[in-house]
Amino acid sequence: MRYKHFTNANEDVSLISIGTWGTGELESFGLVEKENGKVTTKGIMKARERAVEAIQAGLQGGINLIDTAPCYGWGASERIVGEAIQDFDRDKIMISTKFSLVPDMARPERGGASSGGSYKNVMREVSASLRLLRTNYIDFYIMHYPDPYTDVAETMSALNVLKKRGVIRHIGLSNHSKEQIERAMEWAQIDIIQPPFSMVDREMEDLMRWAKSQGIDSLTYGTLGAGLLSGKVREMPVFDPQDVRRGFYRNLYNEENFAKFLKLLEVMDNIAAAHNCPVGQVAINWTGEQDYVGTELIGMGSPEHARENCKAFDWTMSEEEKAAIDRVLHEMGIGDIELLDWMKR
Ligand SMILES: NC(=O)c1ccc[n+]([C@@H]2O[C@H](COP(=O)([O-])OP(=O)(O)OC[C@H]3O[C@@H](n4cnc5c(N)ncnc54)[C@H](OP(=O)(O)O)[C@@H]3O)[C@@H](O)[C@H]2O)c1
């Protein structure tokens with residue numbers, strides 16, 4: 001495992017981290033084995049066990065940061081993370097969790113969640129997260145999405161109070177623009193951001209470069225293009241209507257882009273074969289080479305995947321191989337996909 005020093009946070013963080021969105025959404029991410037097409041209690045329990053084992057395998061493989069959020073299964077992910085870390089030394093593990101997306105069935109147009117940056121909501125959410133995570137502090141507390149209805153000064157004052165009390169150690173922002181980050185910086189020290197970034201989604205590159213110049217490190221999400229860059233998806237997938245990724249990653253999984261990704265995968269296949277490694281390690285390795293990436297968050301639903309991902313830096317990509325990837329990305333015009341265009345509407 002490789003580690004990077006985070007400037008403002010003053011922490012050494014593993015270059016890959018465990019993402020747990022799927023951990024909270026086991027069924028809709030297809031991680032629950034069905035019996036005769038039906039979900040059973042046995043299937044759910046088994047998937048849960050594997051999710052715990054996956055987190056533990058990642059930690060044993062040298063990962064020291066786990067990323068979660070209350071909205072990943074509305075508490076389910078945080079609860080499983082809380083269970084998985086019990087046998088580990090808490091001060092050797094870092095946890096990032098989030099706030100501001102609150103279930104709100106009065107707002108169906110926002111998928112039943114609304115932004116909650118108010119002082120009262122931050123305090124309410126942090127209490128719930130601490131309980132589910134079975135811990136008395138959170139290492140990175142991240143505002144999941146900007147709240148258009150609350151002055152960021154109020155949100156940051158809540159975070160400063162929590163930091164002063166030792167309830168949270170560092171402050172982060174996810175899915176925020178440069179202007180929104182700068183505004184928050186007027187009120188609090190911002191230690192990290194959490195934007196999307198992968199070979200096929202490089203829209204946030206400039207933002208991450210700027211953030212690094214401010215001492216703010218990036219926890220990038222979607223490293224494996226929601227599974228696509230692991231090489232396991234070679235045909236346009238048919239997502240279950242319940243699968244939350246269908247909407248979130250819809251710009252990756254459309255016919256036009258998908259055809260381009262298959263070309264990229266051909267180049268990645270060759271590199272993987274030369275190093276006798278799985279294709280996913282090529283994506284992880286390439287991403288880790290970008291100096292503005294602090295840590296790559298990777299969703300790992302099984303201990304086998306976790307172990308495989310932890311070995312991604314056991315080999316080094318040659319300059320020719322990097323150039324081959326960059327060439328195909330450039331030729332195919334991939335990398336410019338606006339993954340979160342729906343957010344800007
Ligand atoms: N802040 C935000 O708004 C935001 C948004 C999205 C995600 N995130 C965070 O970022 C994390 C990562 O993003 P993501 O989970 O959406 O996408 P991702 O990491 O790009 O992809 C996860 C997918 O890759 C598969 N995978 C992982 N390792 C593999 C391997 N070795 N071989 C084959 N397949 C493999 C996983 O399958 P298995 O599950 O079967 O292992 C899963 O289907 C999330 O879990 C979450 O913590 C944050």
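## Strand S11 and its partner S10

In this predicted model, strand S11 covers residues 217-220, and its side chains point two ways. Asp217 and Leu219 face one way, Ser218 and Thr220 face the other, and all of them are buried. In a regular strand, side chains alternate between the two faces of the sheet.

Strand S11 pairs with strand S10 (residues 192-194) in the parallel sense, and two bridges link them. Within this pairing, Ile193 has Ser218 of S11 as its bridge partner.

## Ile193 in strand S10

Ile193 belongs to strand S10. Is Ile193 buried or exposed? Ile193 counts as buried, because 26 other C-beta atoms lie within 10 Å and the cut-off for a buried residue is 20 or more.

Leaving aside residues up to four places away in sequence, Ile193 touches Gly172, Leu173, Ser174, His176, Ile181, Ala211, Ile216 and Ser218. Ser218 is thus named both as a contact of Ile193 and as its bridge partner. Asn36, by contrast, lies 157 residues from Ile193 in sequence and 43 Å from it in space, C-alpha to C-alpha.

## The barrel

Strands S10 and S11 are part of a closed barrel of eight strands, which runs S3-S4-S5-S8-S9-S10-S11-S12 with parallel pairing. On average, neighbouring strands of this sheet are turned by 30° against each other, direction ignored.

Another pair in the barrel is S3 with strand S4 (residues 65-67); these strands run parallel and are joined by two bridges. Here Gly19 stands opposite Asp67 in S4.

## The hairpin of S1 and S2

Strand S1 (residues 3-6) and strand S2 (residues 11-14) pair in the antiparallel sense, over four bridges. In this pairing Lys4 stands opposite Val13 in S2. The two strands form a hairpin with four residues between them, and Asn10 in the turn has a positive phi of about 55°.

## The surroundings of the ligand

Which residues come nearest to the ligand? Of the 30 residues around the ligand, these are Gly19, Tyr221, Ser230, Gly299 and Gly301. The elements that give two or more residues to this shell are helix H1 (21-24), strand S12 (295-299) and helix H11 (303-310).

By class, the shell has nine nonpolar, 18 polar and three charged residues. Gly19, one of the nearest residues to the ligand, is also the residue opposite Asp67 in the pairing of S3 with S4.

## Helices H9 and H12

Helix H9 (residues 255-275) packs with helix H12 (residues 319-331) at an angle of about 175°, and their axes are 9 Å apart. This angle makes H9 roughly antiparallel to H12, because angles over 145 degrees are placed in that class.

From H9, the residues in the contact are Lys263, Leu264, Val267 and Ile271. They meet Glu321, Ala324, Ile325, Val328 and Leu329 in H12. By class, this contact has seven nonpolar, no polar and two charged residues. An α-helix has 3.6 residues a turn, so residues three or four places apart point the same way.

## Helices H10 and H3

How many of the 10 residues of helix H10 are buried? Helix H10 (residues 279-288) has eight buried residues, so it is largely enclosed by the rest of the structure. The buried residues are Gly280, Gln281, Val282, Ala283, Ile284, Asn285, Trp286 and Thr287. They pack against strand S3 (16-19), H9, S12, H11 and H12.

Helix H3 (residues 76-84) also has buried residues, namely Ala76, Ser77, Glu78, Ile80, Val81 and Ala84. Their cover includes H1, helix H2 (41-60), S4, strand S5 (94-99) and helix H4 (119-133).

## Two loop residues with positive phi

Arg134 lies in the loop between H4 and strand S8 (138-143). Its phi is near 50°, a positive value in a residue other than glycine. Arg134 counts as partly exposed, because it has 14 C-beta neighbours inside 10 Å.

Ala226 is placed in the loop between S11 and helix H8 (245-248). The phi of Ala226 is near 55°, again a positive value in a residue other than glycine. Ala226 is buried, with 25 other C-beta atoms within 10 Å, whereas Arg134 is partly exposed.

Note on methods: Residues are numbered from 1 along each chain as its sequence is written. This is a predicted model: local features need pLDDT of at least 70, side-chain atom pairs count only at pLDDT 80 or more; totals for chains, interfaces and linings use all residues. A residue is near a molecule or strand if its C-beta atom, placed from the backbone, lies within 6 Å of it. Ala, Val, Leu, Ile, Met, Phe, Trp, Tyr, Cys and Pro count as nonpolar, Asp, Glu, Lys and Arg as charged, and the others, Gly among them, as polar. Axes are lines fitted to C-alpha atoms, for helices over the stretch in contact, and angles run from 0 to 180 degrees between N-to-C directions. Angles under 35 degrees count as roughly parallel, over 145 as roughly antiparallel, 65 to 115 as roughly perpendicular and the rest as oblique. Two residues are in contact if their C-beta atoms, placed from the backbone, lie within 7 Å. A residue is buried if 20 or more other C-beta atoms lie within 10 Å of its own, exposed if 12 or fewer, and partly exposed in between; C-beta atoms are placed from the backbone. Two strands pair if DSSP finds at least two bridges between them.
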